[in-house]
Amino acid sequence: QVQWVESGGGSVQPGGSLTLSCTASASTYSHKCLGWFRQAPGKEREGVARIKDYGYSYTRFYADSVKGRFTISKDDAKNTLYLQMDGLKPEDTGVYYCASRSEDGCPEARSGYDYWGQGTQVTVSS
C-alpha cells in the first residue's frame, strides 16, 4: 500500500514561489500517472497538474489557471513528486494534495486516483 506525504507548503506573498514535494512510502514504479490537486475553502477539490509516465517520455497536463506558472516533475529514484509554483496568486490558496493511480490512463477527475497524501496548506496573501 503506497502512502504519500506532502511537504513544502507555507505562506507567501503574491508573486512568490513555493515548491511542494510528495514522497511515497514505497516504490511507485507501477504508478504511471501522478497528480496534484487542490481544495480551496468551500470549494470542490480540483486538478492542478498531472504527469503521465510512458517509460521513455512524460506528458504533463495543467489546469488553465496554472499554465505557465506551475511545473510538475518527478524523481523516480526518490519516489518523489514535485510541484514548482511560481507567480503565485491569492486564488492559488488552498490545501494541496498529491495523488497517484496504478491503472492505465491519466484522468483529470479526482475520482480516478486511488492513493492520496494528507495535504499541505498553501496560503498566498499580502
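**Entry 1. Aromatic pairs**

I began with a definition: rings of Phe, Tyr and Trp, the last by its six-membered ring, pair if their centres lie within 6.5 Å. I noted at once that the model I examined is predicted. By that definition, I found that the structure holds five aromatic pairs.

I first looked up Phe37 and Tyr113, whose pair is edge-to-face, with 5.1 Å centre to centre and 70° between the planes. I then asked where in the chain the two partners of this pair lie. Phe37 belongs to strand β4 (residues 33-39), whereas Tyr113 is in the loop between β9 (94-101) and β10 (115-116). The pair thus links distant parts of the chain, 76 residues apart.

Are Phe37 and Tyr113 buried or exposed? I recorded a relative accessible area of 2% for Phe37 and of 5% for Tyr113. Phe37 counts as buried because its value is under 20%, and Tyr113 counts as buried because its value is also under 20%.

My next pair was Tyr54 and Tyr56, which is tilted, at 6.4 Å centre to centre with 35° between the planes. I noted that Tyr54 is partly exposed, with a relative accessible area of 41%. Tyr56 is exposed, and its relative accessible area is 73%.

**Entry 2. The aromatic cluster and Arg45**

I looked up which residues form one aromatic cluster and listed Phe37, Tyr97, Tyr113 and Trp116. I then turned to Arg45. It lies over the face of Tyr97, at 3.6 Å from the ring centre. The charged end of Arg45 also sits over the ring of Trp116, 5.0 Å from its centre. I wrote these together, as Tyr97 and Trp116 are both members of the cluster.

**Entry 3. Strands β4, β5 and β6**

I followed β4 to its partner β5 and found six bridges between them, with the two strands running antiparallel. Within β5, Lys52 is the residue that stands opposite Cys33. In the hairpin of β4 and β5, six residues lie between the strands, and Gly42 takes a positive phi near 75°.

How many residues of β5 are buried? I recorded six of the eight in this strand (residues 46-53), which is mostly covered.

From β5 I moved on to β6 (residues 58-62). Five bridges join these two strands, and they run antiparallel. Lys52 appears again here, standing opposite Thr59 in β6. The hairpin of β5 and β6 has four residues between the strands, and in it Gly55 takes a positive phi near 95°.

**Entry 4. Strand β9 and its partners**

Why is β9 described as largely enclosed by the rest of the structure? I found that seven of its eight residues are buried, so the description follows from that count.

I then listed its pairings. β9 pairs with β4 in the antiparallel sense over seven bridges, and in this pairing Phe37 stands opposite Tyr97. I noted that both residues were already in my list for the aromatic cluster. β9 also pairs with strand β11 (residues 120-124), in the antiparallel sense over three bridges. There, Gly94 stands opposite Val122. Two bridges join β9 to β10, and these strands run antiparallel as well. The bridge partner of Ser100 in β10 is Tyr115.

**Entry 5. The open sheet of four strands**

I looked up the order of the strands in this open sheet and wrote down β1-β3-β8-β7, with antiparallel pairing. The edge strands are β1 (4-7) and β7 (70-75), each of which pairs on one side only. Neighbouring strands of this sheet are turned by 15° against each other on average, direction ignored.

For one pairing in detail, I took β1 and strand β3 (residues 18-24), which are joined in the antiparallel sense over four bridges. The bridge partner of Val5 in β3 is Thr23.

**Entry 6. A positive phi at Asn79**

My last entry concerns backbone geometry. Most residues other than glycine have a negative phi. I therefore recorded Asn79 separately, since its phi is near 50°, a positive value in a residue other than glycine. Where is Asn79 found? I located it in the loop between β7 and β8 (80-85). Asn79 is buried, with a relative accessible area of 17%.

Methods
Residues are numbered from 1 along each chain as its sequence is written. This is a predicted model: local features need pLDDT of at least 70, side-chain atom pairs count only at pLDDT 80 or more; totals for chains, interfaces and linings use all residues. Side-chain values use heavy atoms; hydrogens and water are left out. Rings of Phe, Tyr and Trp (its six-membered ring) pair if their centres lie within 6.5 Å; planes under 30 degrees apart count as stacked, over 60 as edge-to-face and the rest as tilted. Buried means under 20% relative accessible area, exposed over 50%, partly exposed in between (1.4 Å probe, protein chains only). A charge sits over a ring if NZ of Lys or CZ of Arg is within 6 Å of the ring centre and within 35 degrees of the ring normal. Two strands pair if DSSP finds at least two bridges between them. Axes are lines fitted to C-alpha atoms, for helices over the stretch in contact, and angles run from 0 to 180 degrees between N-to-C directions.
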